[in-house]
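Me: I am new to this structure and would like to understand the reasoning behind the terms used for it. Please set each value against the definition that applies.

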Amino acid sequence: MTCRRAARLALLLALGLCALALAGCHRGDAVAWRLTDVTGHMPDLDFRLIDDHGKPVTGQDYRGKVVLLYFGYTHCPDVCPLTLAQLHVVMQRLGPLADGARILFVSVDPARDTPEVMHAYVSAFDPRAVGLSGQPRDIEALSKRYRSAFTREPDQGNGQYEVSHSSAIYIFDRNGKARLLSTPDRSQDDLVHDLHLLLDPGVSA
C-alpha cells in the first residue's frame with residue numbers, strides 16, 4: 001500500500017466520525033460546518049514532541065491558535081507535499097486571520113526526519129507550518145489518540161522506504177478542543193469557510 005492509496009484510510013475514518021457527529025448534533029444553534037464536525041468525539045490536543053528547532057513542545061504550547069494537525073513525512077512522494085501546498089493556499093486565502101492558525105506536521109518517519117530536515121521541509125511550504133518529530137513511541141501514541149494509522153513499508157535498499165499513512169487533517173480550536181476533520185476529497189473552499197468561522201472573533205463557533 002502506497003502513500004497515495006493510504007488516503008482511503010482517512011476516508012473510512014471520516015465516514016465513521018461523520019456518523020458520530022450526526023448522532024450527536026441535536027442543538028438548534030449548531031454551526032453550519034462544511035467539514036466533518038467531531039466536537040465532543042475526539043480528545044483535546046495533547047502531546048510531547050520536538051519541534052523543527054529542536055525544542056521540546058507540548059499541545060499546551062499551541063493554545064490560543066487554531067491548529068491543523070497532519071501526520072506525514074518528508075520523503076512522502078505525493079500526498080504530503082500536495083496537502084501542505086493546499087494548506088498554504090488556504091492560509092493565503094484567509095489573509096490576516098491565518099496568523100491565528102498553525103499547521104502542525106507530525107512526522108511518522110522520525111528516523112529520517114530530524115528537526116533540521118523538518119524545518120527545511122515545512123518552511124518551503126508555509127511560515128505558519130511547524131514540523132514535529134520525537135521518539136517513535138510518542139508519535140505512535142499521538143497517532144492512536146486521534147485514530148490515525150501508519151505503517152512502514154519494506155526497505156528498498158540504501159535506507160529508502162515509504163510509509164503508508166492516513167491523510168486526514170485534524171482541526172482544533174484555540175482552546176485545544178478537537179472540532180473538525182478534513183479529508184483529501186474536501187475542497188479548499190470548505191477549509192477556508194470553516195477556518196474562517198474558527199478564526200474570526202466576531203463569529204460564534
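Me: What makes S2 and S3 a pair of strands in this predicted model?

Reply: Three bridges join S2 to S3, and the two run antiparallel. Pairing requires at least two bridges, so S2 and S3 are counted as paired. Within this pair, Arg48 stands opposite Thr58 in S3. The two strands form a hairpin with four residues between them, and Gly54 in the turn has a positive phi of about 80°.

Me: How do you know that S2 and S6 pair as well?

Reply: S2 and S6 are joined by two bridges in the antiparallel sense. The requirement is at least two bridges, and therefore S2 and S6 qualify. Ile50 stands opposite Ser133 in S6.

Me: In which sense do S4 and S5 pair, parallel or antiparallel?

Reply: S4 and S5 pair in the parallel sense, over seven bridges. Gly72 stands opposite Ser107 in S5.

Me: Why is the pairing in the sheet called mixed, and which strands are its edges?

Reply: The open sheet consists of eight strands in the order S1-S10-S9-S4-S5-S6-S2-S3, with mixed pairing. Both senses occur in it: S4 and S5 are parallel, whereas S2 and S3 are antiparallel. Strand S1 (36-37) and strand S3 (56-58) are the edge strands, as each pairs on one side only.

Me: How do you know that the buried residues of H4 lie on the same side of the helix?

Reply: In helix H4 (residues 136-145), the buried residues are Ile139, Leu142 and Ser143. They cover an arc of only 100° around the axis, which puts them on the same side of H4. The face turned away from that buried side carries the exposed residues Arg137 and Lys144.

Me: What do the buried residues of H4 pack against?

Reply: They pack against strand S2 (48-51), strand S4 (66-72), strand S5 (101-107), strand S6 (129-133) and strand S7 (150-152).

Me: Why is Arg147 called partly exposed?

Reply: Its relative accessible area is 40%. Buried means under 20% and exposed means over 50%, so a value in between is called partly exposed. Arg147 is found in the loop between H4 and S7. Its phi is near 60°, a positive value in a residue other than glycine.

Me: Which residues have the most contacts inside the largest nonpolar core, and which helix gives the most to it?

Reply: The largest nonpolar core has 56 residues, and those with the most contacts inside it are Phe47, Leu69, Met91, Leu132, Tyr170, Ile171 and Leu195. Helix H2 (residues 79-94) gives the most to this core, with seven residues. Leaving aside neighbours within four places in sequence, Leu195 is in contact with Val66, Leu68, Val90, Met91, Leu94 and Ile171. In soluble globular proteins, nonpolar side chains tend to be buried together.

Me: What is the confidence of the model, and where does pLDDT stay under 50?

Reply: The mean pLDDT of the protein is 86, and 84% of its residues reach 70 or more. Over residues 1-29, however, pLDDT stays under 50; the model has 48 contacts beyond four places in sequence for these residues.

Me: How many helices and strands are there, and what share of the residues is buried?

Reply: The protein has five helices and 10 strands. Buried residues make up 46% of its 205 residues.

Note on methods. Residues numbered from 1 in each chain as written. Heavy atoms only, no water. Buried < 20%, exposed > 50% of the residue type's maximum accessible area, 1.4 Å probe, protein only. Arc of directions from axis to C-beta. Contact = heavy atoms within 4.5 Å. pLDDT = per-residue confidence, 0-100. Core = buried A, V, L, I, M, F, W, Y, C linked by side-chain atoms within 4.5 Å.
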